[in-house]
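Here are a few exercises to work through with the model open beside you. Try each one before you read its solution.

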Amino acid sequence: MAKFPIDEFKGRITPFYYYDLGLLHTTLDALKAAVGQSPFHVHYALKANTNPAVLKLVVEAGLGADCVSMGEIRAAIEAGFNPEGIFFAGVGKSDAEIDYALANRIGCFNVESLPELELIAEMAADKSMVANVALRVNPNIDAHTHHYITTGLEENKFGIALEMLDDAVALCLRQPNLHLYGLHFHIGSQITDLEPYRILCNRINKLVADYASKGIRFNVLNVGGGLGVDYDDPDGNPIPNFKAFFDVFRENLDLAPGQQLHFELGRSLVAQCGSLITKVLYVKEGVGKKFAIVDAGMTDLIRPALYQAHHKIENITSASATTDVYDVVGPICESSDCFGKDETLPLTRRGDLLALRSAGAYGEIMAMGYNMRPLPSSFVR
Ligand code: LLP
């Protein structure tokens, strides 16, 4: 079990997110070591977590920012990311968002359709600017992850279909207010089998070679994010195997001299440093089972309800040597408001604190106000 500063937890209003900044620091160091001297640039996907304490460390580590809304771009600028290192992605960028991004001279737009390309060109022309664009290609690869977080299949709404890519490239080349900066790919999230990335490399090699034969070169190839984490054993594997991940690209992707490879990692950087700390309100006897009813619900951590995800649950205050089996559930009137079924925990009582582990990514940021519940607070150390 990870060490939690229990004394500092006492008296705090629960539920709250706890971030272990020491672990985040070590994770970012491991990332940098794994990048080494390669022409790899990592952009942090802000959608995973925009807690200011987290962003501060990511900025200090020198990463770029992958943003999907005006709010994220603003958070990135406020946190101190260099605007040039901010890339703006998303399938439905609004006019106001594009305007804001241009005005703040962000580094690049990852563009997902021809109409969006036309709008960016028009708005850049109005400002007498040239916008860097990377075309997001839908590579039609199955990432073998939960169907809600797989994105690289033809049936998904993401990216420009391969058949339409030539038109998009041609539009960039004839439009003086667009600079064709690169190609962008993202096949999904929580990917633990690296084989889909190898397949992606082969697809990219072929595509890039086809364009090179027509004299078209891309400064940047961006392969998105998606590297998964170990939700079952966060203490055994607190830091993802970045080296193995990067090696897939080192070994399989043909980078031309001077060409950069960009990544947009979210979960793998921040998931393991965060836990949702919640208090047991009641232990209720059901028919043939016991429920530990906690004060956190799906409004605080929606991943179990939305993706059938499981976050490891630990009772971090019980001193009991004996165990019992509990369904750990929240207070909200939805059957999916359940964090774990048949969880073996030390004898659990009202007032005990439970930690829902690996909650640093897509946890706090996805919290919502359903039932007019307050948003969870956070505590960093
Ligand atoms: N780049 C693009 C274009 C993306 O769509 C995403 C995530 C990322 C990068 C970062 O992916 P990561 O390295 O974090 O896997 N809420 C879901 C995950 C949604 C991911 C959406 N896109 C969850 O809680 O599992």
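**Exercise 1: Cys201 and its surroundings**

Cys201 lies in helix 8. Keep in mind that this is a predicted model.

Task: Decide whether Cys201 is buried or exposed, and work out which residues it is in contact with, leaving aside its neighbours within four places in sequence.

Solution. Start with accessibility: Cys201 has 0% relative accessibility. Buried means under 20%, so Cys201 counts as buried.

Next, look for partners. Once the neighbours within four places in sequence are set aside, Cys201 is in contact with Val248, Phe249, Asn252 and Leu253. Val248, Phe249 and Asn252 are among the buried residues of helix 9, which covers residues 242-252. The other buried residues in that helix include Phe242, Phe245, Phe246 and Asp247.

Now zoom out to see what covers the buried residues of helix 9: the cover includes helix 8 (195-213), along with helix 2 (21-35), strand 2 (40-45), strand 10 (260-265) and helix 10 (267-270).

For a sense of scale, try Gly80: Cys201 is 121 residues away from it in sequence and 32 Å away in space, C-alpha to C-alpha.

**Exercise 2: a helix pair**

Task: Describe how helix 6 (residues 114-126) and helix 7 (residues 165-174) pack.

Solution. Two numbers do the job here: the angle between the axes and the distance between them. For this pair the angle is about 10 degrees, and the axes are 10 Å apart. Angles under 35 degrees count as roughly parallel, so helix 6 is roughly parallel to helix 7.

Then find who makes the contact. Helix 6 brings Leu114, Leu117 and Glu118, while helix 7 brings Asp167, Ala168, Leu171 and Cys172. Sort these residues by type and you get five nonpolar, no polar and two charged.

**Exercise 3: helix 5 and what comes after it**

Task: Say which residues of helix 5 (residues 95-103) are buried, and find what is unusual about the phi of Arg105.

Solution. Begin inside the helix, where Glu97, Ile98, Tyr100, Ala101 and Leu102 are buried. These buried residues pack against helix 4 (70-79), strand 4 (86-88), strand 5 (108-111), helix 6 and strand 6 (131-138).

Then step past the end, into the loop between helix 5 and strand 5, and you reach Arg105. Its phi is positive, about 50 degrees, although Arg105 is not a glycine. Arg105 is also exposed, with a relative accessible area of 56%.

For another case, go to Asn371, in the loop between strand 16 (353-356) and strand 17 (377-380). Asn371 isn't a glycine either, yet has a positive phi of about 70 degrees. At 44% relative accessibility, Asn371 counts as partly exposed.

**Exercise 4: a pocket**

Task: Characterise the lining of the second largest pocket, which has a volume of about 430 Å³.

Solution. Work outwards from the centre. The lining has 22 residues, and the closest to the centre are His41, His43, Gly62, Leu63 and Gly64.

Which elements take part? Helix 2, strand 2 and strand 10 each supply at least two residues, and strand 2 gives the most, with four.

Finish with the chemistry: the lining residues divide into 10 nonpolar, 10 polar and two charged.

**Exercise 5: a cis bond**

Task: Work out where Pro15 sits and which residue a cis peptide bond joins it to.

Solution. Pro15 is in the loop between helix 1 (6-9) and strand 1 (16-19). The cis peptide bond joins Thr14 and Pro15, with omega at about -5 degrees.

How values were computed
Residues are numbered from 1 along each chain as its sequence is written. This is a predicted model: local features need pLDDT of at least 70, side-chain atom pairs count only at pLDDT 80 or more; totals for chains, interfaces and linings use all residues. Side-chain values use heavy atoms; hydrogens and water are left out. Buried means under 20% relative accessible area, exposed over 50%, partly exposed in between (1.4 Å probe, protein chains only). Contact means heavy atoms within 4.5 Å. Axes are lines fitted to C-alpha atoms, for helices over the stretch in contact, and angles run from 0 to 180 degrees between N-to-C directions. Angles under 35 degrees count as roughly parallel, over 145 as roughly antiparallel, 65 to 115 as roughly perpendicular and the rest as oblique. Ala, Val, Leu, Ile, Met, Phe, Trp, Tyr, Cys and Pro count as nonpolar, Asp, Glu, Lys and Arg as charged, and the others, Gly among them, as polar. On a 1 Å grid over the protein atoms alone, a cavity is a set of points where a 1.4 Å probe fits but cannot get out, and a pocket is an open set with protein on both sides within 12 Å along at least five of seven lines; lining residues have an atom within 4 Å of a point. Grid points are joined across faces, edges and corners, and a volume is the space filled by probe spheres set on the points.
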